[in-house]
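Visitor: Please take a close look at one part of this model for me, the cavities. Then go on to the pockets.

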Amino acid sequence: MQGIETVSARTVEEAAKRLAGVVTRTPLEPNERLSARVDARVWLKREDLQTVRSYKIRGAYNFIVQLDADRRERGVVCASAGNHAQGVAYACRRLGANGRVYVPGTTPRQKRERIATLGGSHIEVIVVGETYEDAFTAAKQDSERTGATLVPAFDAPETVAGQGTVAMEVVAQLGFIPDVMVVPVGGGGLLAGIAAWAAERAPEMRIVGVEPAGAACMAAALAAGEPVRLEAVDTFVDGAAVALAGSVTYPLVRDGGVELTDVAEGAICTEMLAMYQSDGVIAEPAGALATAALGATVKIDPGQIVVCVVSGGNNDVSRYGEVLERSLIHEGLKHYFLVGFPQEPGALRRFLDEVLGPDDDITRFEYVKRNSRETGPALIGIELARAGDLEGLLHRLEVSPLQVERVEPGSPLFHFLV
């Protein structure tokens, strides 16, 4: 494998030739719900319907297929939150190579099982640490120890060139260049590849990268003038929960004339539910990043043609409870309180009658009775019918004789609960 030093329209187009017959030419679908939201013509690039349910196969296969016989014989290793590993697993099985994939403990079980299924006997799945960086460190050490080739999830020109084929495909399917392309961002591989190709083939196209607010590593890099490690990362958007932007992707994004924004994890959850209920699209958190930002942090002119990349659909159904919870909190419909109840008959009944509104619902109640105490603490979760009902609830709590402490969003206790 000779490798390429940079990414250009030519290297992206060469990657597309290697990927022909390997990856799925995913649908480009108009979306009425989102079009109405921004008064424009919005299309979804459905990479959730890709061969491995995400665009990551494009970069992984383009990297591995260029390995010479000796390096393939020594095998490959990679680190991934799940989607890149599936691409590596599929490529290994198709090309007859063997590999080991390192995933953090936060990777949903559904993704782990898919990796094993796609790779078969060619892949070993190893769970290590809690973050992508933990997995990457382990994969890098494996590579140094065994001589296996490390296949970067985003930070290699071959990977970036493969991801950039998404933009080529969109333009070919539309038959013209869209006004705006909105792209989810983790380590920046997809955004960098699209920006590199578009700089030469579609310079008039506005490109917007969307990061999760709790893992905005590319914005941090642009602000610092170089990749810098985030002190903390919210791992909920596991497909984009990256603490350090790539040394390959960062300059391509910096010089690519792209815009960068972020969106709150709660808003992503609200969008995931809307995609499922209204559009019939099962998106993982990273897959809903682009559409969640549309009309919120990404402003669109009326009548423009907009393409949003739905980057993945590897979502564990068991996570929908957390998705709903985060969405309700983001919408201002779910609140938590610590309430000190007097240890006397009728205390709870008075709370229900005098404090709760007619449309309020208790969704969580945990009470600890204390012997030889005048009050017993209770953790109460309340769901409102309307966000505007909160003011009345807070007033009734304030004037009640109960000892009440609101569990503020962002507090350590709140993060423990959600």
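Guide: Domain 1 (9-54 + 156-323) and domain 2 (76-147) each supply at least three residues to the lining of the second largest cavity. These domain bounds come from an automatic or database assignment. A cavity here is a set of points on a 1 Å grid over the protein atoms alone where a 1.4 Å probe fits but cannot get out, and its lining residues have an atom within 4 Å of a point. The model is predicted, so local features need pLDDT of at least 70 and side-chain atom pairs 80 or more, while totals for chains, interfaces and linings use all residues. Numbering runs from 1 along each chain as its sequence is written, and side-chain values use heavy atoms, without hydrogens or water.

The second largest cavity has a volume of about 60 Å³. Its lining consists of A81, P104, T106, E130, T131, Y132, T235, D238 and A241. By class, that is 4 nonpolar, 3 polar and 2 charged residues. Nonpolar means Ala, Val, Leu, Ile, Met, Phe, Trp, Tyr, Cys and Pro; charged means Asp, Glu, Lys and Arg; the others, Gly among them, are polar.

A search of the whole structure gives 2 cavities of 30 Å³ or more. The largest cavity comes to about 260 Å³. These volumes are the space filled by probe spheres set on grid points, joined across faces, edges and corners. Around the largest cavity there are 26 lining residues, and Y55, K56, G186, G239 and A240 are the ones nearest its centre. Two elements give two or more residues to this lining, α5 (83-95) and α9. Helices are DSSP runs (H or I, at least four residues), numbered from the N terminus. The most comes from α9, which gives 3 residues. The lining of the largest cavity splits into 13 nonpolar, 10 polar and 3 charged residues. As with the second largest cavity, domain 1 and domain 2 each give at least three residues to the lining of the largest one.

Two residues named at the centre of the largest cavity, Y55 and K56, also turn up around Q163. That glutamine is found in helix α8, which runs over residues 157-174. Leaving out residues up to four places away in sequence, Q163 touches Y55, K56, R58, G59, A153, G189 and L190 (heavy atoms within 4.5 Å). K56, R58 and G59 belong to helix α3 (residues 56-64), in which 9 of the 9 residues are buried (under 20% relative accessible area, 1.4 Å probe, protein chains only), so that helix is largely enclosed by the rest of the structure. Q163 itself has a relative accessibility of 1% and therefore also counts as buried.

Next come the pockets. A pocket is an open set of points with protein on both sides within 12 Å along at least five of seven lines. The second largest pocket holds about 230 Å³ of space. Of its 13 lining residues, Y132, F136, F154, D155 and L244 are closest to the centre. Y132 is also listed in the lining of the second largest cavity. The residues lining this pocket divide into 7 nonpolar, 3 polar and 3 charged. Domain 1 and domain 2 both contribute to its lining, so the second largest pocket lies between them.

The largest pocket involves another pair of domains. Its volume is about 300 Å³. There are 11 lining residues, and those closest to the centre are D234, E265, R326, F414 and H415. The elements giving two or more residues to this lining are α12 (265-279), α14 (320-330) and α17 (412-417). Helix α14 has the largest share, with 3 residues. By class, the lining of the largest pocket has 4 nonpolar, 4 polar and 3 charged residues. Both domain 1 and domain 3 (332-417) give residues to it, so the largest pocket lies between these two domains. The centres of domain 1 and domain 3, taken over C-alpha atoms, are 40 Å apart.

To put the parts together, the assignment gives domain 1, domain 2 and domain 3. Domain 1 and domain 2 both line the largest cavity, the second largest cavity and the second largest pocket. Domain 1 and domain 3 both line the largest pocket.

Notes. Buried means under 20% relative accessible area, exposed over 50%, partly exposed in between (1.4 Å probe, protein chains only).
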